[in-house]
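Please open the model below in your viewer and keep a selection box handy. We will walk through it stop by stop, selecting as we go.

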Amino acid sequence: MAVRCGLKKRRKQAMSAIDTVVVPIHRAGWPFIAGFAVVSLVLGLAVWAPLGWIGLILTLWCAYFFRDPDRVTPTRPGLLVSPADGRVTMIVQAVPPKELGMGDKPMTRISVFLNVFNVHVNRVPADGTIVAAEYHKGTFVNAALDKASDENERMAFRHRLPDGREIAYVQIAGLVARRILWWVKAGQQVKAGERFGLIRFGSRTDIYLPDGVAPLVCVGQTAIGGETILADLDGMEAQRQGDVR
């Protein structure tokens, strides 16, 4: 019995170690991974062997791009977590997308830029209800530019919080992104940290805060989707400033 328990314990420890290294891949990525793998095999066998090795590297990168790790989301009421992995590039006053019908009053907008090495699965910032989900067909300028919020292809969400206040968050296609995916719709109740969409190959995600709510992140800071706290709706702390060191 002692030997059996020891084996079970070691097996459990081994599986835990594997889980920390092997990250799940989102189902939306499997067609791309399979396509890369088939093309790599054909090129390596029928054309030129080095092309097969290059294709293998691209296949592995594709699998890395579509990784979908689990996240531990802070659940205290009032917290807004980042909807995306990436770098905070802008914190400005801006009007939410007009298609959401939230008026012309500027709100504090936090922009998180995702490069091709970031996790691209997007997560809900807080508990609440999706009031509106609107797609806008646009251009594909560099997502790091401020004008991308108005000009680029986007999917925008108007979200009512449990206390009645509203936020908005927007998936914005980037220079090389050509497909925005989303899995929530108007009228749907959602939970903080829940996966709501994905943007393929470089992009940006904006979030608009309620009036009077200060950001708790700084420009240049790295955010982790579903984990990094962007704001506290009930907090009194002033907007944070940061220094590069």
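**Stop 1: Thr 205 and strand 11**

Begin by selecting Thr 205, which lies in strand 11; helices (H or I, at least four residues) and strands (E, at least two) are DSSP runs, numbered from the N terminus. This is a predicted model, in which local features need pLDDT of at least 70 and side-chain atom pairs count only at pLDDT 80 or more, while totals for chains, interfaces and linings use all residues. Residues are numbered from 1 along each chain as its sequence is written, and side-chain values use heavy atoms, with hydrogens and water left out.

Is Thr 205 buried or exposed? Thr 205 is buried, at a relative accessible area of 0%; buried means under 20% relative accessible area, exposed over 50% and partly exposed in between, with a 1.4 Å probe and protein chains only. Show the contacts of Thr 205 next (contact means heavy atoms within 4.5 Å). Leaving out residues up to four places away in sequence, Thr 205 touches Pro 83, Ala 84, Ile 110, Ser 111, Val 112, Leu 114, Asn 122, Val 170 and Ile 199.

Now widen the selection to residues 203–208, the whole of strand 11, where six of six residues are buried. Colour the two faces separately: Ser 203, Thr 205 and Ile 207 are on one side, Arg 204, Asp 206 and Tyr 208 are on the other, and all are buried.

**Stop 2: Ser 203**

Stay in strand 11 and select Ser 203, which is found there. UniProt lists Ser 203 for "active site" in an unreviewed entry; UniProt positions are given in the numbering used here, feature names are shortened, and annotations may be inferred rather than shown by experiment. Ser 203 is buried, with a relative accessible area of 0%. What is Ser 203 in contact with, leaving aside neighbours within four places in sequence? The list is Val 112, Phe 113, Leu 114, His 120, Ala 143, Ile 172 and Gly 174.

**Stop 3: the sheet around strand 11**

Switch to cartoon view and trace the open sheet of eight strands, in the order 9-5-6-7-11-3-2-12 with antiparallel pairing. Two strands pair if DSSP finds at least two bridges between them.

- Strand 3 and strand 11 pair in the antiparallel sense over six bridges; select Phe 113 and find Arg 204, its bridge partner in strand 11.
- Strand 7 and strand 11 also pair in the antiparallel sense over six bridges, and here Val 170 has Asp 206 as its bridge partner in strand 11.
- Strand 2 and strand 3 run antiparallel and are joined by seven bridges; Val 88 stands opposite Val 112 in strand 3.

Finish at the edges: strand 9 (189–190) and strand 12 (222–223) each have a single partner strand, so one side of each is left without a neighbour in the sheet.

**Stop 4: the nonpolar cores**

A nonpolar core is a set of buried Ala, Val, Leu, Ile, Met, Phe, Trp, Tyr and Cys residues joined through side-chain atoms within 4.5 Å. The largest nonpolar core has 28 residues, and those with the most contacts inside it are Leu 80, Ile 110, Phe 157, Tyr 169, Ile 207 and Leu 209. Among the elements giving two or more residues to this core are strand 2 (86–94), strand 3 (107–114) and strand 6 (154–160). Apart from this core lies another, of twelve residues, including Ala 94, Ala 132, Ala 156 and Ala 168.

Zoom in on Phe 157: not counting residues up to four places away in sequence, Phe 157 touches residues including Leu 100, Ile 130, Tyr 169, Trp 182 and Phe 196.

**Stop 5: the aromatic rings**

The structure holds seven aromatic pairs; rings of Phe, Tyr and Trp (its six-membered ring) pair if their centres lie within 6.5 Å, and planes under 30 degrees apart count as stacked, over 60 as edge-to-face and the rest as tilted. Select Trp 61 and Phe 65, a tilted pair at 5.7 Å centre to centre with 40° between the planes. Being four residues apart in helix 3 (residues 49–65), Trp 61 and Phe 65 are separated by about one helical turn. Trp 61 is partly exposed at 25% relative accessibility, whereas Phe 65 is buried at 1%. Add Phe 32 and Phe 66 to see the cluster that ring pairs link with Trp 61 and Phe 65.

For the last selection, take residues 45–66, one of the stretches for which UniProt gives "transmembrane region" in an unreviewed entry. Over residues 45–66 the chain is 91% helix and 0% strand, and the end C-alpha atoms are 27 Å apart.
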